[in-house]
Structures are given as C-alpha cells and as structure tokens.
Amino acid sequence: MGKNMLFPDYIFESSWEVCNKVGGIYTVLSTRAKTLQDKMRDHIIFIGPDCWHEKENPYFIVDKKLHGKNVLGSWMKHAEENEGLKMKVGRWDIPGQPIAILVDFVPYYEHKDEIYGRMWELYQVDSLHAYGDYDEASMFSYAAALVVESYYRFFIAPENQGELSLFGGQVDSISNKKVVYHANEWMTGLGLLYLQHEVPEIATLFTTHATSIGRSIAGNNKPLYDYLFAYNGDQMAGELNMQSKHSIEKQTAKYVDCFTTVSEITATECKELLDKPVDVVLPNGFENNFVPKGATFTKKRRAARRRLLDVANALMGTQLDDDTLIVSTSGRYEFRNKGIDVYIEALNRLLRDSNLKKNVVAFIEVPGWVGDPRKDLTERLEQNKSFDTPLEVPMITHWLHNMSHDNVLGMLKYYNMWNQKEDKVKLIFLPCYLTGHDGVINMTYYDLVLGNDLCVYPSYYEPWGYTPLEAIAFKVPCITTDLAGFGLWANSVKGAYSELTDGVKVIHRTDYNYSEVADAIKDTIAAFSVMSDEDVKKCRQNAEKLSKKALWSEFIKYYEEAYDIALRKCAERNAQEKKS
C-alpha cells in the first residue's frame, strides 16, 4: 500500500451471501475475509440476512464472548431495546472467522412503501415495478444499513469521547476514525444510499458483480456484445421488465463514493448500460489453504475418481476404468450464460471424432429442480459390484421435478445421447449441490473437483468465473472463454491467448460463433486425450502456478486502492456539505 493511501479503521461489508452459500459472491467474500481479518482484527464486520431463523445456520458460529458483559453486548441490547433491531452476532465459519451480524429484515416489510418513497425523493430510485426478490433484497439492505448506522453511532461517531473496545476497556480517541461501508450487488444498493444520506461520514463502496440488465439481456438470448455500444440500459430494462433492479443498481453506481466491478469486460458493460464508468476493477482472488498437499492430495484425487467412475458404471452398466478421461462443467444452472448448451454440443460432436483416443465420461454438475436421489442407483452402489445393463434414463443421478421440461435432458434427448455402451463419450447430469450429503455422490465439490482430468467452462456471460480458478487451484487444467473475466485475466498474464499447456485454454467467443466454440472444445479434449503423461503433468503444474497469481495476497492491492478512493471522495463530499 502506498505511503499516502488512506485505509479504513473499520470496514462493514454487506451481501445477501454472507453466511448464506448461494453463488460466487460467497466465495469472493469468504476467501478474502482472512486477508482483511489478519490486517484489521475484528474491525472488518460482515452483515448478512438471517435466512435460517430458528434453524441452525451451518455457516455461522455463535460466539459467547461477543454476547457477554462487554461493550458489544451492551450495544446489542441497546440496538434491540431502543431501535428494534433483531440480529444474531457471531462469527462466520470460514478461515479468519470474522465477526458476522445476521439481521432479521422481515419487520421492515410493513414500512416498505414509505422507504421506497423516500428513496425516490432522495435518489430517484424507481421501486414501482418491483417483483420477485426485489422487496426481500431491499428490506435486507435497509436492515443492514440500520445495523451499521446503530453500530457507528454507538461506538465510532465523533461525538463519543473515546472508543470502547469490543471486549471492554478504553482505547484511543476516535474522532478521526475512517469507516467504509462496502455493499455487494444491486441487492444492497438501497441500504447504501440510505447510509450515504443519513450517515455521510461513512465512505461508501459498491461492487456490481454482474449488471442485472446485462445478465438479463444475455439470459434472454439477445446478442449482448456486438450491440453493447447501442443498447440503452433504461430502455432494455423496460423491455425486459427489469426497471426496479436496474434503477437501484444505476442510482447506487451514480451516487456511491467508489464504484467497482470484478473484470474489464463487466467494466465496459457498466459504462454502457449503467452510464457510469467504474472507479477501479477488483478482480476476484482466491485462498488455496484448503487445497490438500502431497500424499493427501493424491489420496483424495484417487478417491474422487473412484467415486465418479463407480457412479457412472452403476448408472450405465459399464466397466469404465481409471484410464477414462473425466471431464466436467459446473456452476449455476444458466443454460446459455454458463455455456452448458455449447458444452453438450461439443461432447455430441466428440462422439464422432476419430482423434479421440480415450473413453470420456463427462459430468454436468449444476443444481436443477432436484427431487430424490435415484433409489435404483443407490441400491446398485450399495451392492459394490459391476453391472452390464444400464438403468432407465442412464444420464441422470437424481430425479427432477421437471424431467420433461429440463434443458439439459431436453438437449440430450434431441441429440439422442443415451450413453450407449459403444459410445466413447458419455454424459451424466448431476443436478444437485455437492455438499457431501446429496445421497449419491456424497462428497463435497472441493473433494470431487480434483478428480477431474479436465474442466470446461465455456461461458457466454461470466463477469469473473470462480469455477475455472478453483479448478486450476486443484491442478485441473480447464477450458474457458474470453467472454469470462477470468479468461481475459489468464490471457493478460500470458500476454497472448492462453493455451492448455499454460494450464487454461481460452477460446475466443462472440455473440455468433457458437459452432466454432463447440469445435474448439471438442478439438481440445481430443488433443488432451493423446497427450503424453509428461505433457499432462506439465499442464497440471502450469495450472497450479497460474492459480497462485490470483491469490488474495496478489489482488488485495486493488481493494486498498478502492478504499482510498472512497475515503477521499467521502471527505471531499463532507467538506462541500459543510461549505454549503
């Protein structure tokens, strides 16, 4: 950090995914937390929604020290009795174990019209067209802001004569404490704007991980990139019924002290669709402290491969051995955006490719509308023997509630991909979260991913892309595209298009070259199938080396720059306010 850069004394960071594992933002925050906790020691405080209510939250630890007869305990009592805040205070069960506050936002629903009206008056946020998760997100956002306001006024506000430590005892005067509120995604925008108005001394930082309107354009099969310069964000929001989400995102970006996103490709999107250039790009880093080492890694890789092959053989009545090429894709079930469609297309073409020299079993590990684990499959697995006949529908491990309307199954049926014994390429849909308790695989995603030979993430819309970064951290080479922020970053590290021998194959993708992308994936898998053991080893080593360049220790400097920008803008904003 530069000598003259400002750094906050306190950071409050809010997200719907704090202690709530939904998607990639959970990974961003939970892996970055230790770096900030090591630096700030309990002055980084995360705020998330209390979605679990009376049930036990597996990601949250109640810390009795925080609830005892200390200053934090007295604040909690004051906030509940005098301000009506209902919250749980503890620690996020991740490396570093930072303080986490989970807030109950349900009581604010009865005031939402009043809150929305005030946001329109102050910042022209249009909540009239709200539907779906807009109300839920906005009430959480508002509640999170009230928590920060309460904490600030109780502990940090300049009118206090001195700061009381969390566990009792007087420390330094705090009249000049620098405080940052970092809000993630449109879902936290309303609270950020509330704080900016009510507690202007707090510097505000907003990160959009993907613009709501950009994701919607891509998800509705409209060409995003060729026409990006011509799209009007407001007009498209009206066309796609996204007015309210787009409005809160656009107005937050406009008024925040520091506006950020996660990649250059999304920075362009923000400029064109939100009419606001970002102040700094914050690439998503990673911690690799949970990647096993040495003999443990080898043992876990062997176990993962054995499990995947056992499930495949039991499902399809095959005897695939360890020489089989295991390939997978994973992530959210966004059929086009995540490139699941082009992945299936590539595997269908690979069926007829004479250059393929190994059997391939490919998995699609995305959570669908999952029902029960297949009893016929689990019964076979329990018998621990080989079978020579396939089960009915030998392409899926769990039954779905929408078997006849599922996109993956529909495309497999369209191409007549039934995993016939003579097929060199077989594809299996694993439509559940890999938590270790799915009833079939019963291994966590991180324990399973290292069993792959190759991972494929041919995204059409991907602001960053944690899945390829996670894959290479586990020494699994992968294929991605230059429409993913991670793919662009991999190219920037090499200074040219990254190839599989570099650990990541980056394919050029546009609005219209779907067929070329499918062929490139097919050709890369076929080429990988004939690589020597030495060449495969080199790919795996280079994958791991590249992942180490994306550690948080390398990327935290971009956050330091953002904090500096926010604090300086906040100081300038307050100075102008005093003058007027």
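## A walk through the model, starting inside

Start by selecting Tyr 225, Ile 265, Thr 266, Glu 269, Tyr 461, Glu 462, Pro 463 and Leu 483: together they line the largest cavity. Its volume is about 40 Å³, and the structure holds 3 cavities of 30 Å³ or more. Colour the lining by class and you should get 5 nonpolar, 1 polar and 2 charged residues.

Before going on, remember that this is a predicted model. Colour the chain by pLDDT: the mean is 94, and 96% of the residues reach 70 or more. Now pick out residues 161–174, where pLDDT stays under 50. The model has 37 contacts beyond four places in sequence for that stretch, but don't lean on them. Where pLDDT is low, the predicted coordinates should not be read in detail.

**The nine-stranded sheet**

Next, select helix H10, residues 264–273. What does H10 lie across? Show strand E7 (203–208), strand E8 (258–261) and E9 and you'll see the helix over them, running at about 130° to E8.

Those three strands belong to an open sheet of 9 strands, so widen the selection. Reading across, the order is E3-E4-E5-E2-E1-E6-E7-E8-E9, with mixed pairing. Strand E3 (60–61) and strand E9 (280–281) are the edge strands; each has a single partner, so one side of each has no neighbour in the sheet.

For a closer look within this sheet, zoom to strand E1 (residues 10–14) and strand E6 (residues 179–184), a parallel pair joined over 5 bridges. Put Tyr 10 in sticks and look across to Val 179 in E6, which stands opposite.

**The six-stranded sheet**

Now move to the other open sheet on this tour, with 6 strands ordered E14-E11-E10-E15-E16-E17 and parallel pairing. Which strands stand at its edges? Select E14 (425–429) and E17 (504–507): each pairs with a single strand, so one side of each is left without a neighbour in the sheet. Turn the view to look along the sheet: neighbouring strands are turned by 25° against each other on average, direction ignored.

Keep E14 on screen and add E11 (residues 360–365), its parallel partner over 5 bridges. Here Phe 363 stands opposite Ile 428 in E14. Then bring in helix H12 (residues 340–350), which packs on the sheet and touches E10 (325–330), E11, E14 and E15 (454–456). The direction of H12 makes about 170° with that of E11.

**Last stop: an open pocket**

Finish at the second largest pocket, with about 500 Å³ of space. Select Arg 301, Arg 305, Asp 453, Val 536 and Arg 540, which lie nearest its centre among the 19 lining residues. Which elements give two or more residues to this lining? They are helix H11 (294–316) and helix H19 (533–548), and H11 supplies the largest share, 6 residues. Switch to class colours once more: the pocket lining has 5 nonpolar, 3 polar and 11 charged residues.

Technical notes:
Residues are numbered from 1 along each chain as its sequence is written. This is a predicted model: local features need pLDDT of at least 70, side-chain atom pairs count only at pLDDT 80 or more; totals for chains, interfaces and linings use all residues. Side-chain values use heavy atoms; hydrogens and water are left out. Two strands pair if DSSP finds at least two bridges between them. Helices (H or I, at least four residues) and strands (E, at least two) are DSSP runs, numbered from the N terminus. Axes are lines fitted to C-alpha atoms, for helices over the stretch in contact, and angles run from 0 to 180 degrees between N-to-C directions. Contact means heavy atoms within 4.5 Å. pLDDT is the predictor's confidence in each residue, from 0 to 100. On a 1 Å grid over the protein atoms alone, a cavity is a set of points where a 1.4 Å probe fits but cannot get out, and a pocket is an open set with protein on both sides within 12 Å along at least five of seven lines; lining residues have an atom within 4 Å of a point. Grid points are joined across faces, edges and corners, and a volume is the space filled by probe spheres set on the points. Ala, Val, Leu, Ile, Met, Phe, Trp, Tyr, Cys and Pro count as nonpolar, Asp, Glu, Lys and Arg as charged, and the others, Gly among them, as polar.
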